[in-house]
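Student: I've got a structure to go through and would like to talk it over with you. Could we take it one question at a time?

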Amino acid sequence: MKHRGRHRRRRRGRALRATLAGTALALTAAATMITTSQATDADDPGPLKPLTASAETTPLRLTEHDVPRAALDRLSASMGRPVGVRTVLADPDGALRDAADCTADDRRALPVEPAAARAYCWPDEATEGWRPGAVTTSGDADDDGRWGEHRVVVSGWSRADASGDGDGPARVAFVDAGDRERPRYTWVLLAVPVDGGRDYRGLGSAVSGMVWYQDKLLVTAGRGEDSALYVYDVDRIQRSAAPGTSPGRGPGGPSAAGARYVLPAVATYRANGADAPRPGGISLDRSTAPDSLVAHGSAAADGDGPALLWRYPFSSDPARPGLLETDPVAHAHPVEVYETELTEVRSVLSYGSGWYLGRMTGSPDGRGALWRQDADGARTTRCGADETHRCWSGPATSLSYWQETGEVWSQSGRMLFALPLADVDRSLDG
């Protein structure tokens, strides 16, 4: 039986690779139709420019604010004893489909070059009315790549408004990635305690960035929220008792906008003023000492101008697991800040000396470009007969490196996918 199962997995793996390769070839052919006038979008941005003046770095300071323990205890007392990730994974809402079973329209969201090594799509009914966002994994949470005995991917989503934009409430799916052929997922609402913990509301923001580090899940928040980052403790997941569509307490009990679990924020990081740059996307860098949170954003509140890249170190204090390093007055300061000439940056990853940046290009086919920049220069991927730079997935808003497996995870449309970082490096031109 074991041999037959292994043969089936091998055949299925070959079929998946053939399907993804076919999709990549079709998209590459479409990329060759890009006009010469559009090709100017891929101008070389050159090396990163370090910013060191206090006038340039001080606006990136964050201030940490804890949610009072009494408020969290009051919420738990009214909703029941908190549960952890293991309980959530054991109570799935559904399963993802392997890429070979996904529609051609869904697979168009995948990168052309480098191609995904594995990919899955979300069921229509699970994501209708929701907009995809960032991804993080248990590879961020712990250096052995597991949370307990589980390999886990966390996928962020937000309720889409009439225009298709996501402005909350926001939710995440905890995906059990141990079963490579049929990963199962469970929805959890991201909540913010209000009224001293007597009630809660949904996080009113798109999930453009997310990092799971130790027992904390850090999530970016848009300018509609009063904080730049919200912090969640994955050991404080609460059960929801009511099936309502609006987050918060109601006549039937606490509701989670269709989810069966609620994750209340335990802390926030506020930006240094209303017009200060805020993280648009975040990821974890385990190649630094200590581990660090990297972010991208715009220097201007309206999003115009060059993009900024910066990092904050995580605290090494055992009493502050998963939180940023702060000074005596609770300020988290960036330890590196760079400016890049790239615009429309949608995702960021830092590892070693390189910064990997995904950006939108405004091309009609929705293709994006993936760049690697450092102090010496920039490189990007080429694909198609005319060697266009539009080889990446334009809608992808997140890059998360699972160091233990060497994989980069991302999400685009209804596709969740992974590929080796080594493949990304090999695809970059000189």
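Tutor: What follows is a run of questions and answers on this predicted model.

Student: Let's start broad. How many helices and strands does the secondary structure come to?

Tutor: Some background on the chain helps here: the protein has 430 residues, and buried ones make up 55% of them. It exposes about 17500 Å², with carbon and sulfur atoms supplying 49% of that area. As for secondary structure, the tally is eight helices and 30 strands.

Student: Among contacts with a separation of 6 or more, what share comes from residues 24 or more positions apart?

Tutor: Here a contact means heavy atoms within 4.5 Å. Count the pairs in the protein with a separation of 6 or more, then keep those 24 or more positions apart, and the share is 65%.

Student: Now strand β29. How many of its residues are buried?

Tutor: The cut-off to use is a relative accessible area under 20%. Look at the two faces of β29, residues 407–412: E407, W409 and Q411 point one way, while V408, S410 and S412 point the other, and all are buried. That makes the strand mostly covered, and the count is six of six.

Student: Why do the side chains split into two groups like that?

Tutor: In a regular strand, side chains alternate between the two faces of the sheet. In β29, E407, W409 and Q411 go one way. The group pointing the other way is V408, S410 and S412.

Student: Which residue in β29 does S400 stand opposite?

Tutor: Begin with the pairing: β28, residues 400–402, runs antiparallel to β29 over three bridges. The two form a hairpin with four residues between them, and G406 in the turn has a positive phi of about 75 degrees. Across from S400 in β29 you find W409.

Student: And on the β30 side, which residue is the bridge partner of S410?

Tutor: β29 and β30 (residues 415–420) also pair in the antiparallel sense, over six bridges. Their hairpin has two residues between the strands, and G413 takes a positive phi near 60 degrees. The partner of S410 in β30 is F417.

Student: Which strands are at the edges of the open sheet that holds β29?

Tutor: Five strands make up this sheet, antiparallel in pairing, in the order β4-β5-β30-β29-β28. Inside that order, β5 (residues 118–121) pairs with β30 over four bridges, and R118 has A418 as its bridge partner in β30. The strands that pair on one side only are β4 (97–98) and β28.

Student: Which side chain makes a polar contact with the side chain of S155, and at what distance?

Tutor: S155 sits in strand β7, residues 152–160, and is buried because its relative accessible area is 0%. Leaving aside neighbours within four places in sequence, its contacts include W122, R171, M210 and Q411. The polar contact of its side chain is with that of Q411, at 2.6 Å.

Student: One more sheet: in the order β1-β22-β20-β19-β18, which strands have a single partner?

Tutor: This is an open sheet of five strands with antiparallel pairing. Within it, β20 (residues 307–313) and β22 (residues 336–340) pair over five bridges, with L308 bridged to E339 in β22. The edge strands each have a single partner, so one side of each is left without a neighbour in the sheet; they are β1 (49–50) and β18 (281–285).

How values were computed. Residues numbered from 1 in each chain as written. Predicted model: local features only at pLDDT ≥ 70, side-chain atom pairs only at ≥ 80, totals over all residues. Heavy atoms only, no water. Buried < 20%, exposed > 50% of the residue type's maximum accessible area, 1.4 Å probe, protein only. Pairing = 2+ DSSP bridges. Areas by Shrake-Rupley, 256 points an atom, 1.4 Å probe, with all protein chains shown as cover. Polar contact = N/O pair within 3.5 Å; in protein donor to acceptor, adjacent residues only side chain to side chain.
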